[in-house]
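Me: I've got a structure open and I'd like to learn how to read its interface and its sheet. Can you walk me through it?

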Amino acid sequence: MTLLGYRLPGMSSLIIWGLLWEVVGQSGLTFFIPPLSEVVATLFSVIGTDAFQKALAETAYAFCVGVLSAICIGIPTGILMGKNRLADELLLPWVNVFLSAPLTALVPVLMVLFGFGMRAIIITTTLFAIWIIILNARAGVKQINRSLVDMARSFGASPVDAFFKVYLWAALPEILGGIRIGIIRAVKGVIIGQLLISIVGFGALFELYAANFLMGHFWAVLIVLFALAFTISEILAYLERRVSYYAAKR
Amino acid sequence: MPQTSAAETSAVAEGDTTFEIAVSTRNISKNFGDVEALNDLSLEFPLGQLTSLLGPSGCGKTTLLKIIAGLLEPTSGEVEVNGQKVTGPGPDRAFVFQDFALLPWASVIRNVAFGLELRGVARSEREAVAESYIKQVGLAGFEHAYPHELSGGMRQRVGLARALAVDAEVLLMDEPFSAVDEQTRRKFQEDLLGLVQDQKKTFIFVTHSIEEAVYVSDQVAILLPRPSRVSEIIRPSSFRGKGVDNIRRDSEYLDIVDEIWASLRRYVE
Ligand SMILES: Nc1ncnc2c1ncn2[C@@H]1O[C@H](COP(=O)(O)OP(=O)(O)O)[C@@H](O)[C@H]1O
Ligand SMILES: [Mg+2]
């Protein structure tokens, strides 16, 4: 974007939207939108509170465990599907169904199955992340150069060696791409899980703010979450660009 | 080794010379669904010599080589290496791939040592072996380069060093020079002659180039298109000792090239 001939830095348009928010907030149009300045002030006070830090810690825990399980289960499953016809035919329809399914609708079922707590949230997170990780690992294995597979076999690679020394590395760019999208989905999963279950983490916090009409707090926490999700996605995109340099050279 | 005695018994007499046979394929047939790639193909590969499989593309050369490597199972027939029946890949055979098949994420030295790595040889030991073969194929100084930093010819040298490093008795080479430029290819062909002389190994060399086959081979097996069988075996005799520079001008060399072309031309539209 340029203004009066000057190039403005990347996110300058946010300033305009921020100003608009401030004006609407100051005009007192609706209690739902307090002025941005008030929200920002609240943000800094909220971040220090125990309630917020507890919510953040719980969310981070659910997120990390959920993502790790999605990765640890998803990658081997995807590689197996890429290598084994039978496994592929058995699993692929399910993976595709779950990939496009509105998983939010499953959360109530998960609550019934796994209780109204951390466990259900972790599983929700995993379910959001895992399918794309499986599909990408599968695609990565499928594109492996046939002669690389022959090479490993002809030099006597055991199946375990072939997995860790050839398949995993050859499929790495696709696998990492899958992990990146999976993590972005997991951010959604962990928040949606918490909101629906609303007993732990930010779900509980939102519940508290909404019940007490603390709109400034509500927006402040929302901004923090958006910023966190955006930062995670940008970091992953950066890492992936570095890997795709190598992928292009394969 | 018990298999050597078995190998000695299966020797062929050719004129007044007798060769010990390192690899023999007996009545190999291979079908891919409806496609009959090889039909009842029998061929013997003398120990310590280079045998070319020459034929037009699609005639089953790669298929035969992979069957010998144990990477493919024949539909019927069997392969023996040193008198032992082949049931799968084994340490007595090493493969050089047409498209090099290098690990793109591994350095030259790790690629060359990869066969030894898979055999569980300790790192320092296998890297010492790899280093000496890297030197031998003329890549000294590139040990820590990555495949994408090398030219096609250099990559194939890595593939060759990897195959040499496992010290297999039989080297299977699938059109190893077809993806490198003409000058490099000529240099490779000369080097290959030296290699066959130095190493006491049996080379099975697939090519679709008549000149290349005649230039490098002790024995050329001409395969005809599908279903493939051996139509002719030619053993160039007189020019092998005349030095790499003189072969391409030798009259026997030129005659054999012409003769092979005459028998293959009717299969080329
Ligand atoms: N995996 C396969 N599935 C089906 N057909 C194959 C397969 N591999 C080779 N063929 C067929 O077998 C024939 C011989 O192939 P190939 O051995 O690669 O020939 P060449 O190496 O002499 O060019 C070809 O017609 C090819 O299409
Ligand atoms: Mg071929």
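Reply: Sure, and keep in mind that this is a predicted model. Let's begin with a term: a salt bridge is a side-chain nitrogen of Lys or Arg within 4 Å of a carboxyl oxygen of Asp or Glu.

Me: How many salt bridges does that rule find across the interface of chain B and chain A?

Reply: Two. A:Asp150 and B:Lys66 meet through their side chains in a salt bridge, at 2.9 Å from N to O. There are also four residue pairs in polar contact across the interface, both partners at pLDDT 80 or more.

Me: Which part of chain B supplies the largest share of the side that touches chain A?

Reply: That's H4(B), with four residues. By type, the side of chain B that touches chain A splits into 14 nonpolar, four polar and six charged residues.

Me: And how do I put a size on an interface?

Reply: People often quote the accessible area lost when the parts come together. Here chains B and A bury about 1900 Å² between them, with 67% of it on carbon and sulfur atoms. On the chain B side, B:Leu71, B:Trp105 and B:Leu118 lose the most area, together 35% of what that side buries.

Me: Now the sheet. In what order do the six strands of chain B run?

Reply: S7-S8-S9-S4-S10-S11, an open sheet with mixed pairing. S7 and S11 of chain B are at the edges with a single partner strand each, so one side of each has no neighbour in the sheet. From one strand to the next, the twist averages 15°.

Me: What packs on the sheet, touching S4, S8 and S9 of chain B?

Reply: Helix H7 of chain B, residues 182–198, and its direction makes about 155° with that of S9(B).

Note on methods
Residues numbered from 1 in each chain as written. Chains lettered and ligands numbered in written order. Predicted model: local features only at pLDDT ≥ 70, side-chain atom pairs only at ≥ 80, totals over all residues. Heavy atoms only, no water. Pairing = 2+ DSSP bridges. Helix = DSSP H or I, 4+ residues; strand = E, 2+ residues; numbered from the N terminus. Axes fitted to C-alpha atoms, helices over the stretch in contact; angles between N-to-C directions. Contact = heavy atoms within 4.5 Å. Buried area = accessible area lost by both parts, 1.4 Å probe. Polar contact = N/O pair within 3.5 Å; in protein donor to acceptor, adjacent residues only side chain to side chain. Nonpolar A, V, L, I, M, F, W, Y, C, P; charged D, E, K, R; others polar.
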